[in-house]
Amino acid sequence: MSSNADKENTLILYQSAAALPSNETVKLAALYGGDIPHMNNAVDAMENCDQMNVLFIKTPNSLRQCTALVGGQYQGYHIQRWMRVIGEGENGKTDTKAPLRHVSSPLALFSLSRTTVSGGYDELNMPKRSHLDLHREILSIFFENLKEMQNELKSTLQKIAVDNTVVVMTVNKGQSELLTNFVCSALSKGLDLKNVILFPTDLFSKGVADGLGLATFYNDKLMKPLPSEESKSYGDDTFGLMMMAKVISVQLVNELGYDLLFQDVDVVWYKDPVNYFSTLGPPLSNFDVYFQDDGSRQERYAPYSANSGFYFVRSNDRTQLLFRRMLYAGDLIFACGAHQQVLIFLLSDMNSLGGLKVKVFSRDGDDFPGGYHYHMRKDWMKKMVDNIHKPYIFHMSWTLNKDNKLEFMKQMGMWYVPEECVGKEAKELVSGSNGNNGMISNCCSAEPLNKCYYRDKPSVIPCKNSPQKDNSGVSFW
């Protein structure tokens, strides 16, 4: 929800005279056709409402949007969307001369989804047979080995959990240097990682995690279908498969009854974020799930724009159902190439169906910044560089690929791994006498290894002489 939501007007329709506020002026105006009254206090406006249905609306771009409330019907908890659209899927487009039709009406020539954007393009990809076959293969392995995995994982979690809470991460070989950087960055600030559990998808990244002293959980049967190489771009096949690994790791820990913080490996800590969630008081402590705001306002991320690379989950019946449903939605995750929009679909549905309490921290806040701030809020980034903003973490999201991610992190003072440690197996980096500490002492710089790449991207050092990244880029310094 926007940080300015409390300044927005809300239109309340009362469905009976008994629901009207006790204020006589307001009541008379409503009963006898006066001007629509304005009330400054929401509590007074709703004092006689036994139930209230809330609809969040925002006019998408330049579309002339209308909202219809249809009375006398069976109670509905989903929005029906009607548009003037011709064509279907990626070929769809709006046409003001086309008839207004329900996006999923059986009478329509084409079938559209509620993720159809204002231009008529549908952002939802339907699963194909190949997606379904791959999902069934993974689920079959998962359930065949479930009891064994739960018993082994439970034993590990009992040893590392702090106040019944763990930090969950997953990584493959292609992203392993980002894991090393996360550990090195945290240790440089004196932060404790004893409650981190990593779910590596291959033996290479398991070796790296072991070399860094992290607790790991690895099942070779389950991870066999998953790739070890890095994804070339957001949403490709490798990216989609790695998203399934994230879903599985969270589902396993959540169902064993542990609260968890899940995060991608492109996150760096400035303060321990687990402390933030463990010390929340009411009403914030009453939520089931907490998400970093992705920053994007694409149609497919409505209504939450929750970032699936940094979130906190309290284990209960509601969240366990949520992540079981995520586990069963793998074919849709593969079709979409990512799990973010699928997770948001289910968050919305579980909020309506099961009363799941969802909190998304506003992108206008200072605690959990990410790619949105890096690319869209240079004013905010300048204050971070000047140490005015002091966030808990920074999540280098919104990047096309790993190369961009590393470049941005290096010039933002977030990189701690020497080049000679990248891409090598742990056994090459661990000195025998030091054990696990050998990799840390050999591959973790005590200070960030800053380097300029682009003058128009935020940096902790002046990069005025570097090329620009964006066509319309203006120097950050």
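## Strand S6 and its surroundings

Both faces of strand S6 are covered: Val196, Leu198 and Pro200 are buried on one side, and Ile197 and Phe199 are buried on the other. The model described here is predicted. In a regular strand, side chains point alternately to the two faces of the sheet. Because five of the five residues of S6 (residues 196-200) are buried, the strand is largely enclosed by the rest of the structure.

S6 belongs to an open sheet of seven strands with mixed pairing, in the order S7-S6-S5-S8-S11-S10-S12. The edges of this sheet are S7 and strand S12 (358-361); each has a single partner strand, so one side of each is left without a neighbour in the sheet. The two pairings of S6 are set out below.

| Pair | Sense | Bridges | Opposed residues |
|---|---|---|---|
| S5 (residues 165-171) and S6 | parallel | five bridges | valine 167 and valine 196 |
| S6 and S7 (residues 215-216) | parallel | two bridges | leucine 198 and threonine 216 |

Helices link these paired strands along the chain. From S5 the chain passes through helix H5 (residues 176-188) to S6, in a β-α-β crossover that is right-handed. A right-handed β-α-β unit is also formed by S6, helix H6 (residues 203-211) and S7.

Helix H4 (residues 146-160) has 15 residues, and the distance from its first C-alpha to its last is 21 Å, close to the 21 Å expected at 1.5 Å a residue. Its buried residues are Leu146, Met149, Gln150, Leu153, Thr156, Leu157 and Ile160. Seen down the axis of H4, these buried residues fall within an arc of 135°, so they line one face of the helix. An α-helix has 3.6 residues a turn, so residues three or four places apart point the same way. On the other side of H4, the residues Lys147, Asn151, Gln158 and Lys159 are exposed.

Ile197 of S6 also has a place in the largest nonpolar core. This core has 61 residues, of which Ile197, Val253, Phe291, Leu322 and Leu347 touch the most other members. Helix H8 (residues 237-255) contributes the largest share of the core, eleven residues. Leaving aside residues up to four places away in sequence, leucine 347 touches Val289, Phe291, Tyr304, Ala306, Leu322, Leu356 and Val358. Another core, of 58 residues, lies apart from the largest one and has Leu179, Phe182, Phe204 and Val417 among its members. In soluble globular proteins, nonpolar side chains tend to be buried together.

Glycine 413 lies in the loop between helix H15 (402-411) and helix H16 (426-429). Its relative accessibility is 15%, and buried means under 20%, so glycine 413 counts as buried. With residues up to four places away in sequence not counted, glycine 413 touches Pro448, Asn450 and Val460. Between the C-alpha atoms of glycine 413 and cysteine 49, which are 364 residues apart along the chain, the separation is 53 Å.

Conventions: Residues numbered from 1 in each chain as written. Predicted model: local features only at pLDDT ≥ 70, side-chain atom pairs only at ≥ 80, totals over all residues. Heavy atoms only, no water. Buried < 20%, exposed > 50% of the residue type's maximum accessible area, 1.4 Å probe, protein only. Helix = DSSP H or I, 4+ residues; strand = E, 2+ residues; numbered from the N terminus. Pairing = 2+ DSSP bridges. Right-handed = clockwise from strand over helix to strand, strands pointing away. Expected span 1.5 Å × (residues − 1). Arc of directions from axis to C-beta. Core = buried A, V, L, I, M, F, W, Y, C linked by side-chain atoms within 4.5 Å. Contact = heavy atoms within 4.5 Å.
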